[in-house]
Amino acid sequence: MLDRGRYQGDGIGLVDDKGRVAIPAALRATLAANAPKADGKTGGTVIIGAHQKNRCLVAYDPGYVDILAARLDAREAANTGPDGEYDYNIKRRAAAGEAVPFDGSGRFIMPAFPRFYAGIGEHAFFYGVLDYVEIWDPKTLIETEDMPPVVKEMARFYMMQKGVTL
């Protein structure tokens, strides 16, 4: 889909005791453009789920579900054995997601299990990776070996601005 906005940008959000957090402005603008509310009001719906590999979350607009499903269908087809069996975990790893509303300021309530799974506490680091947004606990991100150094430094930078050293 050529008319979809790509998620680029990053930022840190303070998570309150009820799990409310705001999506950073640059990412929120793309999310709202990809999934405008039918009534023209601000806000919309974001889908939050566990990342397929890392201990973080993914966030995306409802329109991405069909793109993700097509990619997973293709992966299953490419990995189907002669007996017709395939790796059932291909979709299991990517299917978890919960649609939640966000308001005009980008605030949403992070679903409880995904937040627990990712270990997100008081701060959530948002990072746009074109097709979706990753949401990390900053300390977990920094401790993840295969993360690019520049992304780790972004998390350190934002936490330093909040007066937290990682």
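# Close-up views of a predicted model

**View 1. Helix 1 against the sheet.** The buried residues of helix 1 pack against strand 1, strand 3, strand 4, strand 5, strand 7 and strand 8. Everything shown here and in the views below comes from a predicted model. Which residues of helix 1 are buried? They are L27, R28, T30, L31 and N34. These residues lie on the same side of helix 1, because they cover an arc of only 165 degrees around the axis.

**View 2. The open sheet.** Let us step back to the strands themselves. Six strands make up an open sheet, and following the order 1-7-8-4-3-5 takes you across it. The pairing is antiparallel. Strand 1 (10-14) and strand 5 (98-102) are the edge strands, each pairing on one side only. From one strand to the next, the twist averages 30 degrees. As a general reminder, strands of a sheet pair through backbone hydrogen bonds, either parallel or antiparallel.

**View 3. Strand 8 and its two partners.** Here we follow strand 8 on both sides. Strand 4 (residues 57-60) and strand 8 (residues 133-136) run antiparallel and are joined by three bridges. One pair to look for is L57, whose bridge partner in strand 8 is I135. Strand 7 also runs antiparallel to strand 8, and four bridges join the two. On that side, F126 has I135 as its bridge partner in strand 8. Where does a positive phi appear in the hairpin of strand 7 and strand 8? It appears at L130, with a value near 70 degrees, in a hairpin that has four residues between the strands. Now look at the side chains: in a regular strand they alternate between the two faces of the sheet. Both faces of strand 8 are covered, with V133 and I135 buried on one side and E134 and W136 buried on the other.

**View 4. V58 in strand 4.** This close-up is centred on V58, which has its place in strand 4. Is V58 buried or exposed? V58 has a relative accessible area of 9%, so it counts as buried, the cut-off being under 20%. Opposite V58 in strand 8 stands E134. Leaving aside neighbours within four places in sequence, V58 is in contact with I47, I48, G49, A50, H51, Y132 and V133. For a sense of scale, V58 and K91 are 33 residues apart in sequence and 15 Å apart in space, C-alpha to C-alpha.

**View 5. Y64 in helix 2.** Y64 is found in helix 2 (residues 64-78). With a relative accessible area of 4%, Y64 is buried. Which residues is Y64 in contact with, leaving aside its neighbours within four places in sequence? They are R4, R71, D131 and Y132. Measuring from C-alpha to C-alpha in the model, Y64 and A118 are 21 Å apart in space and 54 residues apart in sequence.

**View 6. Helix 6 across the strands.** Helix 6 (residues 149-161) lies across strand 1 and strand 7 (123-128), running at about 140 degrees to strand 7. Helix 6 has 13 residues, and its first and last C-alpha atoms are 18 Å apart, close to the 18 Å expected at 1.5 Å a residue. V151, K152, A155, Y158 and M159 are its buried residues. An arc of only 130 degrees around the axis holds them, so they sit on the same side of helix 6. Strand 1, strand 7 and helix 5 (138-143) are included in what covers these buried residues. On the other side of helix 6, P149, V150, M160 and Q161 are exposed. Just after helix 6, look for G163, which takes a positive phi of about 85 degrees.

**View 7. Two nonpolar cores.** In soluble globular proteins, nonpolar side chains tend to be buried together. Which residues touch the most other members of the largest nonpolar core? Of its 20 residues, F108, M110, F126 and I135 do. Helix 1 (25-34), strand 3 (44-50), strand 4, strand 5, strand 7 and strand 8 are the elements that give two or more residues to this core. Another core, of twelve residues, lies apart from it, with C56, V151, A155 and Y158 among its members. V151, A155 and Y158 will be familiar from the previous view, as they are among the buried residues of helix 6.

Definitions and conventions:
Residues numbered from 1 in each chain as written. Predicted model: local features only at pLDDT ≥ 70, side-chain atom pairs only at ≥ 80, totals over all residues. Heavy atoms only, no water. Pairing = 2+ DSSP bridges. Axes fitted to C-alpha atoms, helices over the stretch in contact; angles between N-to-C directions. Contact = heavy atoms within 4.5 Å. Buried < 20%, exposed > 50% of the residue type's maximum accessible area, 1.4 Å probe, protein only. Expected span 1.5 Å × (residues − 1). Arc of directions from axis to C-beta. Core = buried A, V, L, I, M, F, W, Y, C linked by side-chain atoms within 4.5 Å.
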